[in-house]
Amino acid sequence: MEREINLGVAEKSLPNKRMCGRLLDSMVLNRGKVASHDGQASDESYLPGLPDDMALQILALISRSDYPILACLNKKYKSLIEGGYLYKLRRQLGIIEHWVYLACILMPWEAFDPPRQRWRRLPRMPCDECFAYADKESLAVGTELLVFGRELAGFAVWRHSLLSCGWSRCPLMNLPRCLFGSSSQGEVAIVAGGSDRDGNILKTAELYNSELGTWHALPDMNMPRKLCSGFFMDGKFYVIGGMSSHTDCLTCGEEYDLERGTWKRIENMYPIPVIGAEQAMRSPPLIAVVNSQLYSADQTTNEVKKYNKVNNSWCVVNRLPVRADSSNGWGVAFKGCGSRLLVIGGRRGPDGEIILMHSWEPAEDGEQGGWNVLSVRERAGAFVYNCAIMGC
């Protein structure tokens with residue numbers, strides 16, 4: 001099981017910050033001149049006087065915000081970064097940094113680096129106008145950001161690679177769909193349910209391997225559902241909420257055991273107070289997992305609830321810092337980011353529209369605590385269309 005390192009805390013550690021800063025500054029000053037063990041200039045070793053296996057473990061500790069700088073030092077570093085080996089090594093060492101990827105009304109995709117408090121705009125996606133303006137769904141898996149939508153020719157999936165910093169087409173699912181539940185764990189992701197191009201509600205599921213770039217069909221769920229949400233918890237994949245028809249909403253959930261390859265239905269896992277047409281107007285469940293605990297943001301009461309795995313029930317633990325009920329849950333993102341819950345929403349004011357990112361770290365003793373404003377993005381619109389969290 002991976003051990004997560006909170007780099008937000010580590011960044012505030014003065015010795016750690018100085019060490020990494022000095023190392024990177026030294027490498028930039030000596031660009032292209034890496035010393036070998038005998039003291040002579042060489043392109044064969046990564047760091048002066050150190051064997052490569054030790055040097056690579058040191059490089060893995062550097063914030064991935066600095067990897068583009070490393071890639072500019074010489075061809076060997078460029079190949080190391082673009083080959084993805086450092087990210088594999090980071091996973092082995094249990095080093096995880098979480099970035100937030102957002103698409104809002106007045107801007108293309110942007111990435112937010114919480115430890116550095118830095119925003120970066122991604123290159124423009126080379127899609128057609130139909131894809132650009134149609135509804136989309138997103139998912140971060142491994143070092144890829146996947147964006148699902150429709151082009152003039154039908155369903156399409158675009159992926160942004162953290163390694164190449166560019167967009168490319170991703171292979172389509174065996175059964176392309178929209179309005180599905182999805183989540184990722186490491187290098188794999190699962191999508192389940194949704195609607196096909198003819199509007200049929202699906203109970204099929206597929207697994208995506210980002211290292212291979214392939215889709216693999218999984219066993220069907222027990223029942224079809226769309227407008228549902230998916231998540232990983234305790235090594236298993238779950239789907240909750242959604243609708244089995246245009247009027248029938250679902251309160252049951254389903255659990256997929258990856259080792260056994262079987263689905264199990266869980267009754268009353270996501271009870272909802274509305275039915276029929278009113279439910280069809282609501283967003284999929286706003287859910288997030290932090291420290292192996294499931295939380296939801298209620299689209300009608302603006303409450304944060306925590307799921308009790310033992311007795312299959314929910315209890316209120318906090319209030320949302322933004323209103324999720326104003327648009328039936330649409331336009332607001334509720335995500336787990338390391339040990340924190342994030343709520344991202346827009347606000348209109350006298351100075352224009354802004355996006356606010358709030359964070360809250362749930363305490364084990366149940367004490368509520370308050371929400372902190374993690375970042376404010378001005379002139380970014382007031383509606384969050386897509387949001388994904390990439391941890392690597």
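This is a dialogue on reading burial, cores, backbone angles and confidence in a predicted model.

Colleague: Where should I start with the overall make-up; how many helices and strands are there in the protein?

Modeller: The protein has eight helices and 26 strands. Of its 392 residues, 50% count as buried. The accessible surface comes to about 19100 Å², and 50% of that belongs to carbon and sulfur atoms.

Colleague: What share of the contacts between residues at least 6 apart in sequence join residues at least 24 apart?

Modeller: That share is 50%.

Colleague: What is the mean pLDDT of the protein, and where does pLDDT stay under 50?

Modeller: pLDDT is the predictor's confidence in each residue. Its mean over the protein is 87, and 86% of the residues reach 70 or more. Residues 1-15 stay under 50, and the model has 25 contacts beyond four places in sequence for them. Residues 32-42 also stay under 50, again with 25 such contacts.

Colleague: Take a single residue, A55. Is A55 buried or exposed?

Modeller: The cut-off for buried is under 20% relative accessible area. A55 has 0% relative accessibility, so A55 counts as buried. A55 sits in helix α3, residues 52-61. Beyond four places in sequence, A55 touches Y46, L47 and L50. The C-alpha atom of A55 is 8.4 Å from that of S45, ten residues apart along the chain.

Colleague: Which residues of α3 are buried, and how are they placed around the axis?

Modeller: One looks at the arc that the buried residues cover around the helix axis. In α3, the buried residues include A55, L56, L59 and A60. They cover an arc of only 140°, which puts them on the same side of α3.

Colleague: Which residues of helix α6 are buried?

Modeller: In α6, residues 85-93, they are L86, Y87, L89 and R90. Seen down the axis, they fall within an arc of 160°, so they line one face of α6. After α6 comes G94, with a positive phi near 80°.

Colleague: What about positive phi in residues that are not glycine?

Modeller: Most residues other than glycine have a negative phi. C165 is a case with a positive value, near 60°. C165 lies in the loop between β8 (154-161) and β9 (167-169). With 45% relative accessibility, C165 counts as partly exposed. R379 is another non-glycine residue with positive phi, about 50°. R379 is in the loop between β25 (372-378) and β26 (384-391), and R379 is exposed, with a relative accessible area of 67%.

Colleague: How many residues has the largest nonpolar core, and which of them have the most contacts inside it?

Modeller: The largest nonpolar core has 36 residues, and those with the most contacts inside it are L59, L86, Y101, W109, L145 and W167. At least two residues each come from α3, α4 (67-71), α5 (75-83), α6, β3 (98-104), β7 (144-151), β8 and β26. The largest share, four residues, is from α3.

Colleague: Why does this core lie between domain 1 and domain 2?

Modeller: Domain 1 (53-92) and domain 2 (96-125 + 286-391) both give residues to this core, so it lies between them.

Colleague: What does Y101 contact, leaving aside neighbours within four places in sequence?

Modeller: The contacts of Y101 include R64, W109, L122, L145, L162 and M390. Apart from the largest core lies another, of 17 residues, among them M107, W119, V384 and I389.

Terms used
Residues are numbered from 1 along each chain as its sequence is written. This is a predicted model: local features need pLDDT of at least 70, side-chain atom pairs count only at pLDDT 80 or more; totals for chains, interfaces and linings use all residues. Side-chain values use heavy atoms; hydrogens and water are left out. Buried means under 20% relative accessible area, exposed over 50%, partly exposed in between (1.4 Å probe, protein chains only). Contact means heavy atoms within 4.5 Å. Accessible areas come from the Shrake-Rupley method with a 1.4 Å probe; for residues, only the protein chains shown count as cover. pLDDT is the predictor's confidence in each residue, from 0 to 100. A nonpolar core is a set of buried Ala, Val, Leu, Ile, Met, Phe, Trp, Tyr and Cys residues joined through side-chain atoms within 4.5 Å. Domain bounds come from an automatic or database domain assignment.
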